[in-house]
Amino acid sequence: MITVENLTKRFARKTAIESVSFQVEKGEILGFLGPNGAGKTTTMRIITGFMPASDGTVRVDGFDVFENPIDVRRRIGYLPENPPLYLEMTVVGYLRFVAKIKGVPKEKIDLEIQRVMERASITDVQERIIAKLSKGYKQRVGVAQALIGDPPVLILDEPTIGLDPKQIHEVRELIKDLAGNHTVVLSTHILPEVEQTCNRVVIIDRGKIVAVDTPQNLRFQLQGAERVFMEIQGPAPEITSKLKAMPGVIDVHTVGSNDGRHRFQIEGELKKDIRSDLARAVVQNGWGLYELQSVTMSLEDIFLKLTTAEERE
Amino acid sequence: MRNILAIIERELRAYFISPVAYVVLTIFVFLSGLFFRSILAQVLQMGLMSQLQAQQLGPRAMDMPGMITRGFLSTMSVILLFVMPMLTMGLFSEEKKRGTIELLLTAPLTDLQVVLGKFFAGVTFFLILLLTTWIPTGFLYLYSSPASGPILTAYLGLLLYGLALIAIGLFISTLTENQIIAAVLSFGTIMVLWLVDVLANNADSTTGKAVLTYLSIISHLDDFMKGVLSTSHIIFYMSLMLVALFLTYRSIDSLRWRG
């Protein structure tokens, strides 16, 4: 649905993105993940045709953004980072204006406005002045605006920024709900958001793509080792040496102790479950086992690993 | 076309929701009424004087309604100089400040449609202002029979002059996110285009004088006020407007590149 090839954007003083390429399939939710200033907004602005690229191409549904900008824009619903709201208008008045400039046929405008308001759950505030709405409602009016005309592609720049946890949950559910019929690209710098909503992740850092994959695969590929966390009562040096000697165990670190109980982090070989072996060893040695838990690397760790790797170069 | 109308309609609503429209209308109507009254008083006094002279030197023709409209509508051009920047200051600067420009520039609209929508929104409000001047002019028709020809050309002149001012203000409002800066810059620019006339009077060479006089935004109005229709003046205002609109269009394009 969206093909981005070798996209580069140079500003007067800095290069915002460099040779960015990725594809988004129909019905997919693609997460665009990166720290602030990584080039997420720039990429999205180029896809939506707000801004031309210095180099490279973007095709949406077969149309080139630069050559057929109007055809592309007709297929995209865009929620910029700051929802583009005319604060002095009522919700309905605003959506009517958006419907008109998006070329929704006159006789369908009222129906379309009703549809998007229901979708974004803002029907109850339809006659209110936008300036008087809470931030969460404003954001949802922004989402409703993007949905007008039922475009096949939705580009959402930081759709949950500034919302409270309940509103964040609602917006995420809405986005998941939209997938399937729509192709969604959303950007965020919040990691759980990507894990919870996206089929695929593009991690971008300082204008370059550092990884593209599903959240699960990314975690799996980068993990490199199984980790187990244990809390054991007993002599620390003996425990460390005995556990280290076990088959499948790569390394054992002490991560703290308290009242004679010691906490360990054990790294095992990949795809080998050593938890039952560890438990048996503790019991056989007569130590006390207080906790045993396998630790999965969060996307957060992966993200940090990827984006700090470059710094060491 | 529908897209352009939608932009015009939204902009007019914005004018009338905010106090801007009411303040501008009130001040404009008040000032134009005030000037009309003082011009009327002046012309009446001149009429009285000429009547006294006529007793000694014989009767002389005097077009009093014409003098009044000429004086009145020329004064309008000065008031518009102050009022126009207030109409155009927010057209693009507010969109930039609020981020709504991103909505306009990613909607299936061409940049030309956006520019024209904004321009005609300003023009529509300007036409409302011009309509209010028919209140005093209407009284002239009620109590005398002024020659309609010069009045029509004067209005045509004011209209063209206004279109050029709006286009200039529109261009300037693309340059900044700040309405006040846009207003002051527009005012300054129009003022300079006004004052080249004064510079022209001090110019040494005749060519320099001719060029400066031609550039003056106000010197072209004189003929319209006298009831003379001249293509060169029409072309002057139209080209000023088109250049400013073209600059606006280019400025939006550069806005896209710079982000």
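I started with the layout: chain A splits into domain 1 (2–221) and domain 2 (225–296), with bounds from an automatic or database domain assignment. Their centres, taken over C-alpha atoms, lie 46 Å apart.

Notes to self on the basics. This is a predicted model, where local features need pLDDT of at least 70, side-chain atom pairs count only at pLDDT 80 or more, and totals for chains, interfaces and linings use all residues. Residues are numbered from 1 along each chain as its sequence is written, chains are lettered from A in the order in which they are written, and side-chain values use heavy atoms, leaving out hydrogens and water.

Next I looked up helix α4 (109–119) of chain A (helices are DSSP runs of H or I, at least four residues; strands are runs of E, at least two; numbering is from the N terminus). Ile109(A), Glu112(A), Ile113(A), Val116(A) and Met117(A) are buried there, meaning under 20% relative accessible area, with exposed over 50% (1.4 Å probe, protein chains only). Those buried residues fall within an arc of 130° seen down the axis, so they line one face of α4(A); the arc uses directions from the helix axis to the C-beta atoms. Leu111(A) and Glu118(A) are exposed on the face turned away.

What does the buried side of α4(A) pack against? I found α3 (91–101) and α5 (135–147) of chain A, plus α1 (2–17) of chain B; contact is heavy atoms within 4.5 Å. Just after α4(A), Ser121(A) has a positive phi of about 50°.

Last, the sheet: six strands of chain A run β6-β7-β8-β3-β9-β10, open and mixed. Pairing takes at least two DSSP bridges. β6 (76–79) and β10 (208–213) of chain A each have a single partner strand, so one side of each lacks a neighbour in the sheet.
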